[in-house]
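Biologist: Could you take a close look at one part of this model for me, the central sheet and whatever is tied to it? I'd like one connected walk-through rather than a list.

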Amino acid sequence: MASLARIHALDHSGERIDIDTAKNKTTVLIFISAQCPCSDSHIEEIKRLKKKYSNVKFYGVHSNYTESKSVAIEYFKSKKINFPIIHDSESSLAKKLGALKTPHAYILQAQGNIVYRGGVTNRSNALNATKFYLDSALLDIKENRMPRTPMRKTLGCYIALKD
């Protein structure tokens, strides 16, 4: 799989976010949207995973250029997101990783090696999920093994990428 050792980005307030995967043992990037019902239904599950895997660094990535910054900021505040949100205004991170839908999760390990990419669950609405893909992949890592299934289908709304 691909590698992404360093990420330099801004959050919605313009603060710099620097992710160095050489320093973080495990990093999760999750593409989320302020207006996608599929993404919205997964927010509580993602927040639960952030608490469950407290040693893992979680980052949300907002790449939909059609969603205004003010709408996104208000939405993420209202959801009480417990991890930083990268404002990917040029869709560069989404394009680099090949993220097409929300929610779309990536797990990076040391030196930015992508060891998992795909959905958070097996349903577009998390309330109907019967399989929890991201949780399973993180549990594998916690138990010192590579995710048994490194890629899963992503269900959700398409990310409006900037040309």
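Modeller: Happy to. Let's start with a pairing inside the sheet: β3 and β4 run parallel to each other, joined over five bridges. One place to find that pairing is L29, which sits opposite Y59 in β4. Keep in mind that this is a predicted model. Strand β4 covers residues 57-62, and five of its six residues are buried, so the rest of the structure largely encloses it.

Now step back to the sheet as a whole. It is open, has five strands in the order β5-β4-β3-β7-β8, and its pairing is mixed. The edges belong to β5 and β8 (113-118); each has a single partner strand, so one side of each has no neighbour in the sheet. From one strand to the next, the twist averages 25 degrees. As for what holds such an arrangement together, strands of a sheet pair through backbone hydrogen bonds, either parallel or antiparallel. The antiparallel kind turns up where β3 meets β7, over six bridges. If you want a landmark there, take T26, whose bridge partner in β7 is Q109.

Strand β7 spans residues 104-109, and H104 belongs to it. Is H104 buried or exposed? H104 has a relative accessible area of 8%, and because the cut-off for buried is under 20%, H104 counts as buried. The side chain of H104 makes two polar contacts worth clicking on: one is with the side chain of Y106, at 3.4 Å, and another is with the side chain of T154, also listed at 3.4 Å. Leaving aside residues up to four places away in sequence, H104 touches L29, I30, F31, G98, A99, R117, G118 and T154. You've met L29 already, as the residue opposite Y59.

From β3, go on to the cysteines. A search of the whole structure turns up one disulfide, and C36 and C157 are the residues that form it, with sulfur atoms 2.3 Å apart. In general terms, a disulfide is a covalent bond between the sulfur atoms of two cysteines. The link of C36 and C157 is right-handed, with 85 degrees about the S-S bond. Where does each end sit? C36 is in the loop between β3 (26-31) and α1, while C157 is in strand β9, so the pair ties together parts that are 121 residues apart in sequence. The two ends also have their own burial values: C36 is buried at 4% relative accessible area, whereas C157 is partly exposed at 24%.

Don't be misled by C38 when you zoom in there. Its closest cysteine sulfur is in C36, 4.1 Å away, and that is too far for a bond. C38 is buried too, with a relative accessible area of 14%.

Last, the charged pairs. Side chains of opposite charge can pair when their charged atoms come close, and this structure holds eleven salt bridges. One of them joins K79 to D40, with the closest N and O atoms 3.1 Å apart. K79 lies in the loop between α2 (69-78) and β5 (85-87), and D40 lies in helix α1 (residues 37-52), so this pair ties together parts that are 39 residues apart in sequence. K79 is partly exposed at 24% relative accessible area, and D40 is partly exposed at 29%.

Another salt bridge brings the side chains of K162 and E90 together, at 3.4 Å from N to O. Here K162 comes from the segment after β9 (157-158) and E90 from the loop between β5 and α3 (92-97), so the parts being tied together are 72 residues apart in sequence. K162 is partly exposed at 31% relative accessibility, and E90 is partly exposed at 46%.

Then look at D140 and R145, a salt bridge whose closest N and O atoms are 2.9 Å apart. D140 is buried, at 3% relative accessible area, but R145 is partly exposed at 32%. Salt bridges with shared partners also join E45, R48, K52 and D135 into one network.

Conventions
Residues are numbered from 1 along each chain as its sequence is written. This is a predicted model: local features need pLDDT of at least 70, side-chain atom pairs count only at pLDDT 80 or more; totals for chains, interfaces and linings use all residues. Side-chain values use heavy atoms; hydrogens and water are left out. Helices (H or I, at least four residues) and strands (E, at least two) are DSSP runs, numbered from the N terminus. Buried means under 20% relative accessible area, exposed over 50%, partly exposed in between (1.4 Å probe, protein chains only). A polar contact is a pair of N or O atoms within 3.5 Å; within protein, one must be able to donate a hydrogen and the other to accept it, and residues adjacent in sequence count only if both atoms are side-chain atoms. Contact means heavy atoms within 4.5 Å. A salt bridge is a side-chain nitrogen of Lys or Arg within 4 Å of a carboxyl oxygen of Asp or Glu. A disulfide is a pair of cysteine sulfur atoms within 2.5 Å. Two strands pair if DSSP finds at least two bridges between them. Axes are lines fitted to C-alpha atoms, for helices over the stretch in contact, and angles run from 0 to 180 degrees between N-to-C directions.
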